[in-house]
Amino acid sequence: MLFGKRSGIKNRNRERYDRVRRLMWIKCSSCGRLVYYKDYKENNYICPRCGKAFIMTPKQRFNLLFDDNNWEKLPLPIVSDDPLNFVDRVPYCDRLNEARNDTGSHDAITTADGTIGGIPATVCILNGDFMMGSMGRAAGDGIIASMEHAIETRRPFIMVTASGGARMQENILSLMQMARTTVAVNKLHANGIPYIVLLTDPTYGGVTASFAMLGDIHIAESGARIGFAGRRVIEQNIREKLPANFQTADYLYEHGMVDMVVPRTELHDKIATILAVLTKQPREPKAVNVTTPAVDTSKKARGMGENDAYDKVLLARNENRPHFLDYINGIVDDWTYLAGDRTYAEDPAMGSGIGFWRGIPAVIIGQEQGRTIETRQKHRFGMVNPDGYRKAQRMMRLAEKFNLPLISLFDTAGAFAGREGEERGQSQAVAQSISTGLAIKTPYVAVNVGQGGSGGAIAIGTGDRILMLENAIYSVIAPESCASILWRDNKFKATAAAAMRLTARDMAELNVIDKIVQEPAGGAHTDWQTTMELLSAAVADSIRELQEIPASELPGRRADKFISMTRDVEIYAPEHKSDDH
């Protein structure tokens, strides 16, 4: 006879032991190993062995996101259980009762109020443990009521999703929740309420195809699987093997669908940082404290000294000159990079995000050229694809929604000229960026910090105030290309530069820009600290001036500015010294 076991008699001690054992240990469905429950809990319900992030209960998620585990649950509407009297292998009512007993929730939606980083907010959770987080009438009504509550109380709204999609047992009534919840999202946007979507594992189907992909900011939790149709369904449909990372959070980031991928442990702080900007929390200006990279000043750039105009061209292209991310790191506080055009891709050539510019909450965009061989290839030397310009348009609309000033730091030889760009509509993307920039009802300051090359530059250069660093250039084409086309010889590039009148002083005389921002004596590349101090102050002053003007008047003033920009201008070309060219 085994110890503790008698034939035919139920062993209560063994039952108790098995129950305790189940509470102490869990089996990871990803790596298959047993994990001590206390370790699992202290690791925010992430397997400490393989890193798999499991579905959290609403209570666990609220404790993770709200400050100090302090929150208040909201009452939600109750609807009838089974309007279609649906029966498969098991009646729908029985499935609902089982889910309620297992989770302790009436349906898949739970909502609570609390603070995140001290900012009052509403968090709505679609619980993946309740019938796979499927969306039926009860979930739809819960989401709508939660969003209406956020509008009424003027609280930022955070939607946390984990779902297999629409609930089959409610058929067309479930499908209609996609439209109903989208109506509620549109009301959030119309009322200027910040809407952040946190996509967790898994999020699929009618949820991703409605309210979950309509946020101002999309955050994917690390390890999440996100898509419309499931992987197996797609493989069966197209009869081909999909990439290993297909529909992962990182895959969606690369394809422009989410702004960031964030580990579970960092979610609270990341959301708090975002909300601080979107809700315009007061912030002291960040002190500029940067170090200028070492540069060999003894080497003279090839072509330097031919004339002043071409000297400016070479200074604007100096490889040690600060670029977009350098300015961000030096000037901006609480910077959050926002990625993706929500259509096709994330283009690293176009930087974009939110943060505090000398204490002013703002949306900031600009071309990043890269500094090392690897980063220059990654950023394509600041030459932007259509995806990057569509991302810039998204940032422009984000700035308008929250009446945040838009700051553009443009620095590019031009838009990317390549097959992929043409296939995805480069001309349309540039044109739409110009149009959107001219139309937004919020202060817009554009700064030429280096090379203002053609349509690639003006796409994000149609500001209320246009500033230009002293040694930057602005031109429809590079002087070398101009010389090759018109003089039919590249050696006349300096002559072409002078004839084109592309320097900051020329731009001021032609009324193309509003202000020249001085650079240190040797150029911006010799003293980053002084350059950033001067630039940050000039931009901040321009924003404050523009904030005195009603936002509704800014598009009209901006339009008038550009309509009158080239009227009554007399251009005097430099005299030619010979008849050879």
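Student: In this predicted model, how do you know that β13 and strand β14 (residues 444–453) are paired?

Tutor: Two strands count as paired if at least two bridges are found between them, and 6 bridges join β13 to β14, with the two strands running parallel, so the pairing criterion is satisfied. One position in this pairing is Leu406, which stands opposite Tyr444 in β14.

Student: What makes strand β12 (residues 360–367) a partner of β13 as well?

Tutor: The requirement is again at least two bridges, and β12 and β13 have 4 bridges between them, in the parallel sense. Here Leu406 of β13 is the bridge partner of Val363.

Student: Why is strand β13 (residues 406–412) called mostly covered?

Tutor: A residue is buried when its relative accessible area is under 20%, and 7 of the 7 residues of β13 are buried. On one side these are Leu406, Ser408, Phe410 and Thr412, and on the other Ile407, Leu409 and Asp411, so that both faces of the strand are covered by the under 20% criterion.

Student: What makes helix α10 (residues 267–278) close to its expected span?

Tutor: At 1.5 Å a residue, 16 Å is expected for its 12 residues, and the helix reaches 16 Å from its first C-alpha to its last. After α10 comes Lys280, whose phi is positive, near 60°.

Student: Why is α10 described as largely enclosed by the rest of the structure?

Tutor: Because 9 of its 12 residues are buried, α10 is largely enclosed; among the buried residues are Leu267, His268, Ile271 and Leu278.

Key. Residues are numbered from 1 along each chain as its sequence is written. This is a predicted model: local features need pLDDT of at least 70, side-chain atom pairs count only at pLDDT 80 or more; totals for chains, interfaces and linings use all residues. Side-chain values use heavy atoms; hydrogens and water are left out. Buried means under 20% relative accessible area, exposed over 50%, partly exposed in between (1.4 Å probe, protein chains only). The expected span of a helix is 1.5 Å times one less than its number of residues.
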